[in-house]
Each structure stands twice: as C-alpha cells, then as structure tokens.
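Hi,

Here is the structure I promised to pass on. Have a look at it first, and then read my notes below.

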Amino acid sequence: MQHWHIYRKWNERFFYECHAAYQNGRAGEDPTMNWYKGELGFFDFYIMLLARKLKDCGVFGKSSDEYLNYALANRKEWERRGEAVVDDM
C-alpha cells in the first residue's frame with residue numbers, strides 16, 4: 001500500500017532475511033523456490049483484503065483510495081516483474 005520502489009525495498013530486505021535464516025539452518029525452506037508465488041498470495045489474501053476494508057470503512061479518508069490503488073498497482077507490477085526481481089536477488 002505504498003509506492004512500488006518502497007515495496008521493493010522492504011520486500012528485498014525481508015527476502016534476504018529469510019534467505020539468511022535458511023542458509024544458517026533456522027528455516028526449513030529456501031525462499032527462492034516460492035517467493036514469487038508467495039508474494040502473489042500475500043497480495044491476494046492479505047494486502048488486497050486489507051486495502052479494500054480500509055477503503056470501505058473510510059478510516060483514512062481519501063488516503064484509503066490511494067492505498068488501494070497502490071496495492072492494485074504493486075500487485076500488477078509484481079505479477080509482471082516479480083520473477084525477474086527474484087532472479088536478481
């Protein structure tokens with residue numbers, strides 16, 4: 001629910017944290033195997049639902065529309081570029 005470059009920054013940091021945990025034996029699964037699809041699921045089953053609920057309840061006023069628009073745009077961008085992003089990480 002933020003600009004693409006902000007989403008990418010925090011997504012990458014979380015990926016590296018999960019990857020380091022895997023390499024150090026603190027996680028059982030290599031995140032590179034499912035990161036792309038996992039992010040699509042995260043958008044579909046968490047981010048989009050949250051953004052729509054925020055819009056519906058109007059708690060953030062006009063910003064709620066903005067959050068939903070960012071979520072939709074980022075989901076679309078991840079679908080388009082996410083596999084390449086994961087390959088680069």
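A quick definition before anything else: a residue is buried when its relative accessible area is under 20%, exposed when over 50%, and partly exposed in between (1.4 Å probe, protein chains only). Please keep in mind that this is a predicted model, where local features need pLDDT of at least 70 and side-chain atom pairs count only at pLDDT 80 or more, while totals for chains, interfaces and linings use all residues. Residues are numbered from 1 along each chain as its sequence is written, and side-chain values use heavy atoms, with hydrogens and water left out.

Let's start with Asn69, which sits in helix 3 (helices are DSSP runs of H or I with at least four residues, numbered from the N terminus). Asn69 is partly exposed because its relative accessible area is 48%. Its C-alpha atom is 9.9 Å from that of Arg52, and the two residues are 17 apart along the chain.

Glu77 is in helix 3 too, but this residue counts as buried, because its relative accessibility is 18%. Ignoring neighbours within four places in sequence, Glu77 is in contact (heavy atoms within 4.5 Å) with Trp4 and Gly82.

Now the inside. The largest nonpolar core (buried Ala, Val, Leu, Ile, Met, Phe, Trp, Tyr and Cys residues joined through side-chain atoms within 4.5 Å) has 16 residues, and Trp35, Trp78, Val86 and Met89 have the most contacts inside it. Helix 1 (4-23), helix 2 and helix 3 (63-88) each give two or more residues to this core, with the largest share, seven residues, coming from helix 2. As for Val86, it touches Thr32, Trp35, Tyr36 and Trp78 once residues up to four places away in sequence are set aside.

On the outside, Phe42, Tyr46 and Leu50 make a nonpolar surface patch of about 280 Å². Such a patch joins nonpolar side chains (Val, Leu, Ile, Met, Phe, Trp, Tyr) within 5 Å, and like charges are joined within 9 Å; its residues have over 30% relative accessible area and no salt bridge, meaning a side-chain nitrogen of Lys or Arg within 4 Å of a carboxyl oxygen of Asp or Glu. The areas come from the Shrake-Rupley method with a 1.4 Å probe. Tyr46 belongs to helix 2 (residues 35-57) and is partly exposed, at 46%.

Last, the cysteines. How many disulfides are there? Counting pairs of cysteine sulfur atoms within 2.5 Å, the total is zero. Cys18 is partly exposed, because its relative accessibility is 21%, whereas Cys57 is exposed at 52%.

Cheers
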